[in-house]
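Dear colleague,

I am passing on a structure that you have not worked with before, and the notes that follow go through it part by part. Please keep the view open while you read.

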Number of protein chains: 2
Amino acid sequence: MSRRTPPRPIAADEDLAKLARALAHPARVRVLRLLARREGCIGCDIVADLELAQSTVSEHLRILKAAGLIEGEVDGPRICYRLHREGLARLKELVAAL
Amino acid sequence: MSRRTPPRPIAADEDLAKLARALAHPARVRVLRLLARREGCIGCDIVADLELAQSTVSEHLRILKAAGLIEGEVDGPRICYRLHREGLARLKELVAAL
DNA sequence: CGATTATATCGTTCTTCGACGATAGGCGAA
DNA sequence: TTCGCCTATCGTCGAAGAACGATATAATCG
């Protein structure tokens with residue numbers, strides 16, 4: 001157990017890779033910036049901002065949510081998205097530690 | 001030209017997405033950590049550390065190099081890889097700015 | 001020179017991603 | 001309840017990613 005670099009996957013590597021994958025598309029980065037700018041939440045305005053089909057945007061949002069970078073709260077017939085500070089903080093930690 | 005959010009791609013989004021894509025695989029994250037640990041350079045030891053075929057590792061290194069996160073210097077018959085501080089710093093900047 | 005070692009590249013196969021249209025479900029308003 | 005808006009999900013298709021073995025290139029050693 002004094003091996004220098006254990007051959008096992010190493011959880012932190014997987015974690016960072018997963019978060020990075022969520023960032024690995026300009027549309028998703030744009031969504032994050034959008035949510036950062038407007039402190040509050042945004043509904044379908046995201047669809048209007050990105051120039052993509054609604055279903056495509058929905059998929060990007062799903063990916064960001066699955067990665068823990070954003071969260072969506074149901075607000076009547078629409079959904080209010082906002083940054084998920086904890087997930088974002090974890091991402092920053094992991095990157096800063098590189 | 002007073003549009004709030006111009007529909008153009010926005011270079012910074014593309015940049016961050018590209019960098020993130022380079023990080024979007026555990027093997028590549030691991031390489032970065034490896035190079036961070038051993039301050040100096042490493043040759044084919046990377047192949048030994050990752051449990052992947054040499055050609056696969058070579059491809060991962062190519063991707064990291066293309067993203068500007070590492071650099072390789074020819075050292076006789078082998079190649080000495082090290083972190084590319086500037087690229088890494090740019091990545092950290094962009095992520096921290098989120 | 002010939003052998004050895006370290007890397008890169010090529011070609012293939014399989015999987016995953018990204019985009020779209022079509023459609024279904026939920027909620028508020030009329 | 002019926003209509004209309006917002007969102008999610010499904011199915012499909014083409015593009016890109018990931019892995020490998022085989023092979024090519026380059027430099028050192030004997």
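Which element gives the most to the surface near DNA strand C? Helix H4(B) does, with six residues, and please bear in mind, here and throughout, that this is a predicted model.

I will stay with DNA strand C for a moment. It is surrounded by 23 residues, and the closest of them are Ser55(A), Gly43(B), Cys44(B), Ser55(B) and Arg78(B). Two or more residues of this surface come from each of helix H4 (54–66) of chain A, helix H4 (54–66) of chain B and strand E2 (78–83) of chain B. By residue class, the surface near DNA strand C is made up of nine nonpolar, nine polar and five charged residues.

On the other strand, DNA strand D, there are likewise 23 residues around it, with Gly43(A), Cys44(A), Ser55(A), Arg78(A) and Ser55(B) coming nearest. The elements that contribute two or more residues here are H4 and strand E2 (78–83) of chain A, together with H4 of chain B. H4(A) provides the largest share of the surface near DNA strand D, namely six residues, and the residues of that surface divide into 10 nonpolar, nine polar and four charged.

Next, the chain itself. Chain A contains five helices and two strands, and, read from the N terminus, its elements follow the order α-α-α-α-β-β-α. Of its 98 residues, 27% count as buried. Among the contacts in chain A with a separation of 6 or more, 51% are between residues that lie 24 or more positions apart.

How are the two protein chains related? A turn of 180 degrees, with a shift of 0.0 Å along the axis, lays chain A on chain B with an RMSD of 0.1 Å, and that is the relation of a two-fold axis. The same surface serves both copies, since 100% of the contact residues of chain A recur in chain B. The residue of chain A that comes closest to the rotation axis is Ala20(A), whose C-alpha lies at 2.4 Å. If neighbours within four places in sequence are left aside, Ala20(A) is in contact with Ala20(B), Leu23(B) and Ala24(B).

Between the chains, 26 residues of chain A are in contact with 27 residues of chain B. On the side of chain A that touches chain B, helix H1 (11–23), helix H2 (26–37) and helix H5 (85–96) of chain A each supply at least two residues, and the largest share, seven residues, comes from H1(A). The residues on this side of chain A comprise 17 nonpolar, two polar and seven charged.

The largest nonpolar core has 44 residues, and those with the most contacts inside it are Ala20(A), Leu23(A), Leu69(A), Ala20(B), Leu23(B) and Leu69(B). The elements that give two or more residues to this core are H1, H2, H4 and H5 of chain A, together with H1, H2, H4 and helix H5 (85–96) of chain B.

One helix that you may wish to look at in detail is H2 of chain B, residues 26–37. At 1.5 Å a residue, its 12 residues should span 16 Å, and its end C-alpha atoms are 16 Å apart, which agrees. The buried residues of H2(B) are Pro26(B), Ala27(B), Arg28(B), Val29(B), Arg30(B), Val31(B), Leu32(B) and Leu35(B). These buried residues pack against H1 of chain A and, within chain B, against helix H1 (11–23), helix H3 (45–49), H4, strand E1 (70–75) and E2.

Finally, two single residues of chain A. Asp15(A) is found in helix H1 of chain A and is partly exposed, because 15 other C-beta atoms lie within 10 Å, a count between the limits of 12 or fewer for exposed and 20 or more for buried. His84(A) sits in the loop between E2 and H5 of chain A, and it also counts as partly exposed, with 18 C-beta neighbours inside 10 Å. Not counting residues up to four places away in sequence, His84(A) touches Gly68(A), Leu69(A), Ile70(A) and Glu71(A).

With best regards

Note on methods. Residues are numbered from 1 along each chain as its sequence is written. Chains are lettered from A and ligands numbered from 1 in the order in which they are written. This is a predicted model: local features need pLDDT of at least 70, side-chain atom pairs count only at pLDDT 80 or more; totals for chains, interfaces and linings use all residues. Copies are superposed by least squares on the C-alpha atoms of residues with pLDDT of at least 70 in both. Two residues are in contact if their C-beta atoms, placed from the backbone, lie within 7 Å. A residue is near a molecule or strand if its C-beta atom, placed from the backbone, lies within 6 Å of it. Helices (H or I, at least four residues) and strands (E, at least two) are DSSP runs, numbered from the N terminus. Ala, Val, Leu, Ile, Met, Phe, Trp, Tyr, Cys and Pro count as nonpolar, Asp, Glu, Lys and Arg as charged, and the others, Gly among them, as polar. The expected span of a helix is 1.5 Å times one less than its number of residues. A nonpolar core is a set of buried Ala, Val, Leu, Ile, Met, Phe, Trp, Tyr and Cys residues joined through C-beta atoms within 7 Å.
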